[in-house]
Number of protein chains: 2
Amino acid sequence: MRKLPPLRALQVFETAARQQHFSKAAAELCITQSAVSHQVRVLEEYFGEQLFDRQGRKLQLTPKGQSLFIELERIFNELSDLNLKIRDTPNQQLCLAVYSSFAVKWLIPRLADFRRQYPSVKIRLEMITQDPDLSTSTADIFIAGKLNQRGYWQQLLHKERLIPVCSPSFYPKWRDINLSNFQQQALLIVDEGQLGLDWHKWSSAHQIPLNNEQQHIFSHIVMAIEAAIAGQGLALAPDFMVAGDISTGRLVAVNLPDVHTGFEFSFICKQRRLAEPAIAAFSSWLKSQA
Amino acid sequence: MRKLPPLRALQVFETAARQQHFSKAAAELCITQSAVSHQVRVLEEYFGEQLFDRQGRKLQLTPKGQSLFIELERIFNELSDLNLKIRDTPNQQLCLAVYSSFAVKWLIPRLADFRRQYPSVKIRLEMITQDPDLSTSTADIFIAGKLNQRGYWQQLLHKERLIPVCSPSFYPKWRDINLSNFQQQALLIVDEGQLGLDWHKWSSAHQIPLNNEQQHIFSHIVMAIEAAIAGQGLALAPDFMVAGDISTGRLVAVNLPDVHTGFEFSFICKQRRLAEPAIAAFSSWLKSQA
DNA sequence: CATACTAGATGAATTAAATTCATACTAAAT
DNA sequence: ATTTAGTATGAATTTAATTCATCTAGTATG
C-alpha cells in the first residue's frame, strides 16, 4: 500500500515549471490560470514546501521546486510514451531457448496452460544443451543457468537439487533401501552431464564410494529417468523433473541423501524488452507457476 | 505539450493489477469495488485494449495489461519516493570546482545574481587549473573541459573562441589594424596555457608568422587581459571573458581573424545527484545564464 | 440439482475534486 | 501616477470520481 502525491496537481505543476509561467501552462492544459494557481497551491500544501518563488511578475522555481521538476519531467515523459508502448503490438511471437531437460520435464507439460491463458502469444521453443551466447542468439527469452551480463534481466526459477529415485516395481521393499545396502543397487548414471548431474558428484559430496556392480550409463538425464520408470535401477534426478512421476506413483523417492549441485535455472531476457506485452505475459506466467 | 493518459485511472489500474483483485484494490485505495471497475474500464477505453481477462471469478492480466503494469509499478514507486526526496533537505551547500579563468571572468561576476535568487544555497568556490580527478575530488559540481565519464551528467556551457583585443588607447587608429600591419603590434602572449590559449595556435591556424618585435609573456590569461586593458598590446582572449570589458569600452575587438580552440567548458556533476535541490537550482540557473 | 456464495459489471444518483468567474492584489514598466 | 502583466483568492459551477442498489456469471455446497 503506497502513498502517492495528488497526481493532477503534479501534472499541473510540471507544466507550470516547464513553462515558467502559470498562464502559459493554463493554455497548454486548456484550463484557466486560476486553476493552475489552485493546483500548485495544493501541491505546495501537500509537500509543505514552497515550490515557486513569486517575486512580483517574475516566477522562479525554488531549489526544491527545481528538484521536483527534474524528476517529474522525466516521469511524465515516460507516462506519455505508454500510449505508444501499449498500442504498438510488437511481436506477439516468443522464441524461447530452454535447457532441454527443463523443457521436456517442466516447461512442455505446463505450456498448455500458458497457451490457454494467453492464446494471442505464439510460442516457439528452442532447446539448448549449454549456456547460450546471448549476443548471437535470436531467442527472446532464455531459461538457462544464471549468468550475470549487463543489460539482462534474470529471475531465479529453481535451484537444482538431485534426489535418488526408482520405480516402486524395481525393488518391492524400496523403503528399506539405505546407505548400508546402497551398493547392491543398480545405478543409472548420466554421463556428459553439463549440469553437474550425476552420481559421482553425489558420491564425493557424501563420501560414499560407488562400488555398485551394475551401472548403466546414459547421455541424458531424461533417458535415465525413463530407465528408472522402467524399473532398471536408481537414478539421481532433479526434484522438479520427477515431481510429476512421483505424485502419479511411477517413481518413488528412496531413503538416501539428496545433493545440491549449485546450478540454478533462471529466466533471462533483455532488460529493456521486459515490458513488451508477450514477454511481460510469459514472465508473469512463469512467476505464477513457481 | 504532451498528452498523458488519465492519471487516476492509471493509479487504480496499477493497484488492481498488483493485487490481481478489484475488491482488494478497492480496499487499499479506500474506495468501493465499483469505483475500481469503472476506472479500469476508463483506461481500457482510453487505450482501446483489454487489460484484464475476466474469466468468471478468475482475474487475469492480458499481455498488454502485464506490460502496462510493469511500467506503472516502477513509475508509481518513483512517485511515492518523491515525498522523501523533497522533504529531506540534503546539503544546501554546494562546492564548485571551476577553471580559474572561467571563475574570475565569468562566474564570479554573475554569482551575486545566483545568491539573490537562491539565498538558501551556500556556495563554496574552488579554482582548478587542470581537469579535475572526478573520483577523488570532493566538489559537488565541476565547470571544466568536456570529459566523458560514465555516471556523470554534463552540459555544454561554452565553446572557446579566441578573439584579438586591445585597449582603444593602445593604438588610436585600432580600426586600421589588419593582417598587413599586424606584425608591428606588441603581442601579449600567454604561456603555459593548458587551455590552448595563445598566439601560436592562432598563428598556425591562419598560417601567419609571429615576427612581432615586442612580445610580453604572462602565465595566465587574466593577466594578459589586464595588460591589454592597460594598453600594453594585443591580447588573444576568449570572447566570453572580454565581452564585459568590450561593452564598457575598456577593450575593443580588432579586425583580425578569430580562432576556435576546440576546448569546451561544461557543467559536470554526478548523474544521480542532479535532482538534489541545490544542484538542480544551480544547474537551472546556469542554463538561464547561457 | 437447487442454492448460496464470490467477484465483477452496470446505470443512475451522489459526492468530491477540479475548474471557472469575478475580482483583488503586486511589482514592474511607462 | 497609471497602466500592465502577472498571480491569488473565495464562491459558484462544472466535471470527474465514487457510491448505491442491483445484476450477472461462474463456483462451491449440501
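Accessible areas here come from the Shrake-Rupley method with a 1.4 Å probe, and for residues only the protein chains shown count as cover. On that footing, chain A of this predicted model exposes about 13,900 Å², with carbon and sulfur atoms holding 49% of it. As for bookkeeping, residues are numbered from 1 along each chain as its sequence is written, while chains are lettered from A and ligands numbered from 1 in the order in which they are written. Local features need pLDDT of at least 70, side-chain atom pairs count only at pLDDT 80 or more, totals for chains, interfaces and linings use all residues, and side-chain values use heavy atoms, leaving out hydrogens and water.

Chain A is built from nine helices and 11 strands, taken as DSSP runs (helices H or I, at least four residues; strands E, at least two). Its C-alpha trace spans about 95 × 35 × 35 Å along the principal axes. The radius of gyration, taken over C-alpha atoms, is 30 Å, against near 19 Å for a compact globule of 290 residues; that globule rule is 2.2 Å times the number of residues to the power 0.38.

Turning to the partner chain, 56 residues of chain A touch 56 of chain B, contact meaning heavy atoms within 4.5 Å. Between the two chains about 4,900 Å² is buried, 59% of it from carbon and sulfur atoms; this is the accessible area (1.4 Å probe) that two parts lose on being put together, summed over both. A:Arg2, A:Pro63 and A:Ile86 supply 14% of what chain A buries against chain B, more than any other three residues.
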